[in-house]
Amino acid sequence: MLAAVENPRRKILDLRVTRNAARDLPEGTDAQVLEPQAINNDLPPGAVHQGFAARAAALEPEPVSAVTDPTHGVLLVLDQITDPHNVGAIMRSAAAFGVRAVVMQDRKAPPLFGTVCKSAVGAAERVPHVRVTNIADTLESFRKAGRFVLGLAGESEVELADALAGPDGQGLGPGLVLVMGSEEKGLRPRVASACDRLVRIPMTGAVESLNVSNAAAIALYEAAKWRPARA
């Protein structure tokens, strides 16, 4: 919650805090100081407020033009990942590994509210997001701008680490784009065809696949080996 309050891009419409929680607020923050039970009474059954409760406007996405240039840093594209827990966990990994922005479809993707923000543990406030109408067309525009697009697909014979090293072993440069497919079906065919290469995370045969948030964390870790993370 503090991350949301401290984020100048997040408009807080109503903030209610306990007396103890109020001590952690930035100086000058407008908030109602209430008893814990009074906050409980204003929340849905089962909600846990930990001393803070806020009504906030959705974060505005960045325009895709703000992240098209390859020098702007690594992008993570989510192709119809709908589980808010997964999206939140992915946002947290994106923050940890210095991703420039997370790109999502403007439909079939959860809003950055509630479960997403709770799962992200503040990372949704720190990693910009971009909403686009068509993922495949957006990937094509990234490639035309000079970015290199890797799609994660278990059926690929190319290992992620080898692809990230590039043909000369010096890495793919700052314009990398990683694309993660949906929880059940993976990358859609047209999205897969819009990638420069499809790659896989090598695994034993003990499990069929990884949860998409775990796969994203591994992919971002491997990518971070080739470039410093953004501050």
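Which residue of β5 does Leu76 stand opposite? Keep that question in mind while loading the model, which is a predicted one, and begin the tour at the pair of strands that answers it.

**First stop: β4 and β5**

Select β4 (75-78) and β5 (101-105) together, and look for the 4 bridges that join these two strands, which run parallel. Leu76 faces Val102 here, which settles the opening question, and a little further on Val77 has Val103 of β5 as its bridge partner. Now show the side chains of β4: Leu75 and Val77 point one way, Leu76 and Leu78 point the other way, and all of them are buried. Turning to β5, one finds that 5 of its 5 residues are buried, with Ala101, Val103 and Gln105 covered on one side of the strand and Val102 and Met104 covered on the other.

**Second stop: helix α4**

Next select residues 84-96, which make up helix α4. The end C-alpha atoms of this helix are 18 Å apart, which agrees with the 18 Å that 13 residues should span at 1.5 Å a residue. At the start of α4, zoom in on Asp83, where a side-chain oxygen comes to within 2.7 Å of the backbone nitrogen of His85; just after the helix, Gly98 adopts a positive phi of about 75°.

Colour the buried residues of α4 and you will mark Asn86, Val87, Gly88, Ile90, Met91, Ser93 and Ala94. Among the elements that cover them are the two strands just visited, β4 and β5, together with α5 (114-120) and α9 (212-224). Is Ser93 buried or exposed? Ser93 counts as buried because its relative accessibility is 13%, which lies under the 20% cut-off for that class. Apart from neighbours within four places in sequence, the contacts of Ser93 are with Ala217 and Leu220, so a view centred on this serine should include both of those residues.

**Third stop: Arg131 and its surroundings**

Move now to strand β6 (residues 129-132) and pick out Arg131. This arginine is partly exposed, with a relative accessible area of 23%. Beyond the residues up to four places away in sequence, Arg131 touches a set that includes Pro61, Glu62, Met104, Gln105 and Asp106, and also Ala109, Pro110, Pro111 and Leu112. Draw a distance from the side chain of Arg131 to the backbone oxygen of Gln105, and it should read 3.3 Å. Although Arg131 and Asp106 are 25 residues apart in sequence, their C-alpha atoms are 4.9 Å apart in space.

**Fourth stop: Glu62**

From Arg131, step across to Glu62, which is found in the loop between β3 and β4. Glu62 is partly exposed as well, with a relative accessible area of 24%. Where does the side chain of Glu62 make a polar contact with another side chain? The partner is the side chain of Arg100, at 3.0 Å. Once neighbours within four places in sequence are left aside, Glu62 is in contact with Val67, Arg100, Pro128, His129, Val130 and Arg131. For a wider view, add Val103, which is 41 residues from Glu62 in sequence and 9.5 Å from it in space, C-alpha to C-alpha.

**Fifth stop: the sheet of β1, β2 and β3**

The loop that holds Glu62 follows β3, and selecting β3 (52-56) leads to an edge strand of another sheet to inspect. This open sheet of 3 strands has the order β2-β1-β3, with mixed pairing, and its edge strands, β2 (32-33) and β3, each pair on one side only. Strand β1 (residues 12-17) is joined to β3 by 5 bridges, and the two run antiparallel; within this pairing, select Ile12 and its bridge partner in β3, which is Ala56.

**Last stop: a pocket**

Finish with the second largest pocket, whose volume is about 640 Å³. To place it on screen, select Leu152, Ala153, Gly154, Ser209 and Leu210, which lie nearest its centre among the 25 residues that line the pocket. Then add β9 (197-199) and α9, each of which supplies at least two residues of the lining. Helix α9 links this view to an earlier stop, being one of the elements that cover the buried residues of α4.

Terms used: Residues numbered from 1 in each chain as written. Predicted model: local features only at pLDDT ≥ 70, side-chain atom pairs only at ≥ 80, totals over all residues. Heavy atoms only, no water. Pairing = 2+ DSSP bridges. Buried < 20%, exposed > 50% of the residue type's maximum accessible area, 1.4 Å probe, protein only. Contact = heavy atoms within 4.5 Å. Polar contact = N/O pair within 3.5 Å; in protein donor to acceptor, adjacent residues only side chain to side chain. Expected span 1.5 Å × (residues − 1). 1 Å grid on protein atoms, 1.4 Å probe; cavity = no way out; pocket = protein on both sides within 12 Å on 5 of 7 lines; lining within 4 Å. Points joined across faces, edges and corners; volume = space filled by probe spheres on them.
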